[in-house]
Amino acid sequence: MFFQKGKQPSGTWGVILNATTIGLQLVTATFIGLATGYFLDKWLGTKPWLTLVMLILGVVAGFKSVYEEVKRIQEYERKDSGQHSGKD
């Protein structure tokens with residue numbers, strides 16, 4: 001509705017949306033890992049080991065997601081600057 005399919009938002013709003021998305025991905029993955037570890041520890045009685053392991057896995061997954069998002073944004077920017085300069 002707000003964005004055309006296959007296009008990235010551009011300008012100041014595009015930068016704000018991309019930064020928000022990156023932050024949310026990191027926080028969400030970390031929280032999911034922490035919550036999963038906490039409930040597994042509570043269920044299995046292994047405090048605090050599964051919480052720590054799942055927290056670390058959540059942080060790693062969050063950074064991997066951020067890395068992939070940044071690569072995607074850079075690829076889009078590279079293609080976009082190539083279109084504006086007349087290169088393919």
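**Exercise 1. Find where Pro48 sits and state the form of the peptide bond that leads to Pro48 from Lys47.**

Solution. Step 1: Pro48 lies in the loop between helix H1 (11-44) and H2. The model is a predicted one. Step 2: the peptide bond from Lys47 to Pro48 is cis, and its omega is near -5°. Step 3: go back to the end of H1, where the residue that follows is Gly45, with a positive phi near 70°.

**Exercise 2. Give the number of helices and strands in the protein chain, and check the length of H1.**

Solution. Step 1: the protein chain contains 2 helices and 0 strands. Step 2: H1 is made of 34 residues. Step 3: the expected span is 1.5 Å times one less than the number of residues, which for H1 gives 50 Å. Step 4: from first C-alpha to last, H1 reaches 50 Å, close to that expectation.

**Exercise 3. Compare the UniProt feature "transmembrane region" with the helices of the model.**

Solution. Step 1: the UniProt record, an unreviewed entry, places this feature at residues 12-37 and 49-67. Step 2: residues 12-37 are 100% helix and 0% strand, with end C-alpha atoms 38 Å apart. Step 3: residues 49-67 are likewise 100% helix and 0% strand, and their end C-alpha atoms lie 27 Å apart.

**Exercise 4. Which residues of H1 are buried?**

Solution. Step 1: a residue counts as buried if its relative accessible area is under 20%. Step 2: in H1 the buried residues are Gly14, Asn18, Ile22, Ala29, Gly33, Gly37 and Asp41. Step 3: an α-helix has 3.6 residues a turn, so residues three or four places apart point the same way. Step 4: read the list again with this in mind; Gly14, Asn18 and Ile22 are among its members, and so are Gly33, Gly37 and Asp41. Step 5: for the protein chain as a whole, 17% of the 88 residues count as buried.

**Exercise 5. Describe the surroundings of Thr51.**

Solution. Step 1: Thr51 is in helix H2. Step 2: Thr51 counts as buried because its relative accessibility is 17%, and the cut-off is under 20%. Step 3: leaving out residues up to four places away in sequence, Thr51 touches Leu34, Gly37, Tyr38 and Asp41. Step 4: with Asp41 there is also a polar contact of 2.6 Å, side chain to side chain.

**Exercise 6. Is Glu69 buried or exposed, and what does Glu69 contact?**

Solution. Step 1: Glu69 belongs to helix H2 (residues 49-85). Step 2: its relative accessible area is 8%, so Glu69 is buried. Step 3: apart from neighbours within four places in sequence, Glu69 is in contact with Asn18, Thr21, Ile22 and Gln25. Step 4: the side chains of Glu69 and Arg72 are joined by a polar contact of 2.3 Å.

**Exercise 7. How many aromatic pairs does a search of the whole structure find?**

Solution. Step 1: the search finds 1 aromatic pair. Step 2: the rings are those of Tyr38 and Phe39, with centres 5.3 Å apart and planes at 75°. Step 3: planes over 60 degrees apart count as edge-to-face, so this pair is edge-to-face. Step 4: Tyr38 is partly exposed at 39% relative accessibility, whereas Phe39 is exposed with a relative accessible area of 52%.

Terms used:
Residues are numbered from 1 along each chain as its sequence is written. This is a predicted model: local features need pLDDT of at least 70, side-chain atom pairs count only at pLDDT 80 or more; totals for chains, interfaces and linings use all residues. Side-chain values use heavy atoms; hydrogens and water are left out. Rings of Phe, Tyr and Trp (its six-membered ring) pair if their centres lie within 6.5 Å; planes under 30 degrees apart count as stacked, over 60 as edge-to-face and the rest as tilted. Buried means under 20% relative accessible area, exposed over 50%, partly exposed in between (1.4 Å probe, protein chains only). Helices (H or I, at least four residues) and strands (E, at least two) are DSSP runs, numbered from the N terminus. A polar contact is a pair of N or O atoms within 3.5 Å; within protein, one must be able to donate a hydrogen and the other to accept it, and residues adjacent in sequence count only if both atoms are side-chain atoms. Contact means heavy atoms within 4.5 Å. UniProt positions are given in the numbering used here, feature names are shortened, and annotations may be inferred rather than shown by experiment.
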